[in-house]
Number of protein chains: 2
Amino acid sequence: MSHDAAPLMGRRERKKQATRAALREAALRLAIRDGVENLTVERIADEADIALRTFFNYFSSKEEAVVATVSSAAEALIAEFRARPRTESVLRAFREAVLVILNESDDANRHYLAVVRLIHRTPSLVPQQLAVLAAQEKALAEAIRERVDAAEGSVYPAVCASAVLAALRIVVNQWLEPEREPSAALLGREVDLVIAELAAGLDRQRS
Amino acid sequence: MSHDAAPLMGRRERKKQATRAALREAALRLAIRDGVENLTVERIADEADIALRTFFNYFSSKEEAVVATVSSAAEALIAEFRARPRTESVLRAFREAVLVILNESDDANRHYLAVVRLIHRTPSLVPQQLAVLAAQEKALAEAIRERVDAAEGSVYPAVCASAVLAALRIVVNQWLEPEREPSAALLGREVDLVIAELAAGLDRQRS
DNA sequence: TGCATTGATGCGCGTCGTGCAAGTTTGATG
DNA sequence: CATCAAACTTGCACGACGCGCATCAATGCA
């Protein structure tokens with residue numbers, strides 16, 4: 001998406017990013033292979049050929065390293081959301097952003113799905129995932145606030161951001177609940193449905 | 001609300017509850033006094049006069065013990081929600097349940113506010129809080145599903161539960177952002193506003 | 001080339017979290 | 001009431017964790 005900008009960062013910054021990425025990928029690979037419970041920081045550091053102590057300069061726990069991928073995905077999603085034309089409403093823009101991300105199917109995307117699957121079978125990672133999402137909620141809320149030009153004290157941006165991310169998370173989780181093909185089309189339909197619900201309002205009565 | 005039922009639990013279960021409560025309250029007290037970072041499991045165990053090893057029979061980390069109070073509060077809220085008459089719509093019933101809980105102002109309530117304040121000034125606890133909320137989301141989603149008699153595969157209950165809990169969390173957080181009186185009335189008004197937004201739908205355009 | 005900044009690494013220490021094997025309390029049974 | 005099994009508490013030990021600190025190496029700049 002936005003990497004290897006030549007003189008944007010010097011050798012220093014590039015090496016940092018490389019180290020971080022190496023640790024992130026090593027953590028994910030080992031976590032998938034052996035399970036998070038049979039995973040030590042030392043193994044991750046060895047796999048990435050980084051000193052044990054250095055690991056903690058980048059991540060404060062192995063869980064953080066494993067889940068770091070979803071942070072990247074969320075950032076990409078929010079960037080896409082910001083890039084949508086201002087004529088689109090909030091939910092519309094979000095829907096389009098999700099579909100764009102889904103149809104990219106590059107490395108980041110596959111890594112993201114791998115992490116989500118891993119989290120799905122490793123409940124102990126859920127807190128970490130939620131922590132990452134919560135951090136991104138702030139960013140998304142700010143983007144929403146700008147889009148609708150809401151007042152400072154309004155709770156709408158925060159609530160909308162939270163609801164929308166939660167809805168996406170729920171749909172994705174349900175989507176990989178049974179054994180399914182990685183049918184992006186089906187997931188896209190589910191996204192449309194849930195966004196329609198958010199738009200229509202969440203109140204209901206016994207039918 | 002529903003305690004000390006005489007022969008509902010034998011001495012065994014009662015002692016377990018007492019131990020758990022003692023640890024929970026000791027953890028909260030020390031965390032408020034010294035800050036979560038200057039807090040060790042050993043100190044908590046000593047304060048509650050429980051063996052260090054025994055602590056881990058109840059909680060797997062000090063954070064879990066500190067945040068355990070919000071779990072109780074959420075359970076009480078959901079129980080109240082379930083008790084609302086079925087003629088009330090989902091959001092209406094939730095609003096009433098929140099107001100009932102807010103106006104109780106018993107010990108549990110004060111403890112809950114204390115925990116929220118603590119989390120508010122201790123970002124490292126947010127993941128734990130979200131984990132607890134996520135666990136309760138399932139219960140609330142099930143309650144919502146029963147209320148509206150939704151189908152099994154529907155995402156509405158989960159999305160609604162998540163959105164509603166997130167909205168409540170956001171409102172409470174914003175409510176204790178500046179120095180305010182513990183004015184339950186003001187909080188009640190904010191709850192009404194945010195629930196009205198959820199009911200009206202979350203889509204918006206630049207005005 | 002010399003120098004200041006910043007990251008990488010090794011070391012040490014206190015804490016964490018848990019398996020294991022006792023000892024103790026509880027509730028049930030005859 | 002005596003006895004027993006299940007469940008809970010506790011101490012012990014051990015590996016892993018997370019970080020402060022000092023040191024070395026790499027980088028960017030004048």
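Is Asp49(A) buried or exposed? Asp49(A) counts as exposed, because its relative accessibility is 69% (buried means under 20% relative accessible area, exposed over 50%, and partly exposed in between, with a 1.4 Å probe and protein chains only). This is a predicted model, in which local features need pLDDT of at least 70, side-chain atom pairs count only at pLDDT 80 or more, and totals for chains, interfaces and linings use all residues. Residues are numbered from 1 along each chain as its sequence is written, chains are lettered from A and ligands numbered from 1 in the order in which they are written, and side-chain values use heavy atoms, with hydrogens and water left out.

Asp49(A) sits in the loop that runs between helix 2 (41–48) and helix 3 (52–58) of chain A. Helices here are DSSP runs of H or I with at least four residues, strands are runs of E with at least two, and both are numbered from the N terminus. The phi of Asp49(A) is near 55°, a positive value in a residue other than glycine. In chain B, Asp49(B) lies in the loop between helix 2 (41–48) and helix 3 (52–58). Asp49(B) has a positive phi of about 60°, although it is not a glycine, and is exposed, with a relative accessible area of 68%.

The DNA comes next, beginning with strand D. Of the 21 residues around DNA strand D, those that come nearest are Arg11(A), Lys15(A), Arg53(A), Thr54(B) and Tyr58(B); a residue is near a molecule or strand if one of its heavy atoms lies within 4 Å of it. Among the atoms of DNA strand D within 4 Å of the protein, 57% belong to sugar or phosphate and the rest to bases. An N or O atom in the side chain of Thr54(B) is 2.7 Å from a phosphate oxygen of DNA strand D, and a polar backbone atom of Ala51(B) is 3.1 Å from a phosphate oxygen of that strand. From chain A, the side chain of Lys62(A) has an N or O atom 3.0 Å from a phosphate oxygen of DNA strand D. The elements that give two or more residues to the surface near DNA strand D are helix 1 (11–34) and helix 3 of chain A, together with helix 1 (11–34) and helix 3 of chain B. Helix 3 of chain B gives the most, with 4 residues.

For DNA strand C, the nearest of the 21 residues around it are Arg12(A), Thr54(A), Tyr58(A), Arg11(B) and Arg53(B). Of the atoms of DNA strand C within 4 Å of the protein, 61% belong to sugar or phosphate and the rest to bases. A base oxygen of DNA strand C is 2.6 Å from an N or O atom in the side chain of Arg12(A). Two phosphate contacts can be added: a polar side-chain atom of Tyr58(A) lies 2.7 Å from a phosphate oxygen of DNA strand C, and a polar side-chain atom of Lys62(B) lies 3.1 Å from a phosphate oxygen of this strand. Helix 3 of chain A supplies the largest share of the surface near DNA strand C, 4 residues.

Away from the DNA, Val70(A) lies in helix 4 of chain A. Val70(A) counts as buried because its relative accessibility is 4%. Leaving out residues up to four places away in sequence, Val70(A) touches Tyr112(A), Val115(A), Ile119(A) and Val132(A), where contact means heavy atoms within 4.5 Å. Val70(A) and Leu113(A) are 43 residues apart in sequence, with their C-alpha atoms 8.9 Å apart in space.

Arg84(A) is found in the loop between helix 4 (62–83) and helix 5 (90–104) of chain A. Arg84(A) is buried, with a relative accessible area of 18%. Its contacts, not counting residues up to four places away in sequence, are Ala93(A), Glu96(A), Ala97(A), Val100(A) and Arg147(A).

The two protein chains also meet each other. The contact takes 41 residues from chain B and 41 residues from chain A. Chain B and chain A bury about 3,500 Å² between them, 60% of it on carbon and sulfur atoms; buried area is the accessible area (1.4 Å probe) that two parts lose on being put together, summed over both. In chain B, Tyr156(B), Leu202(B) and Arg206(B) lose the most area to chain A, together 20% of what that side buries.

Notes. Polar contact = N/O pair within 3.5 Å; in protein donor to acceptor, adjacent residues only side chain to side chain.
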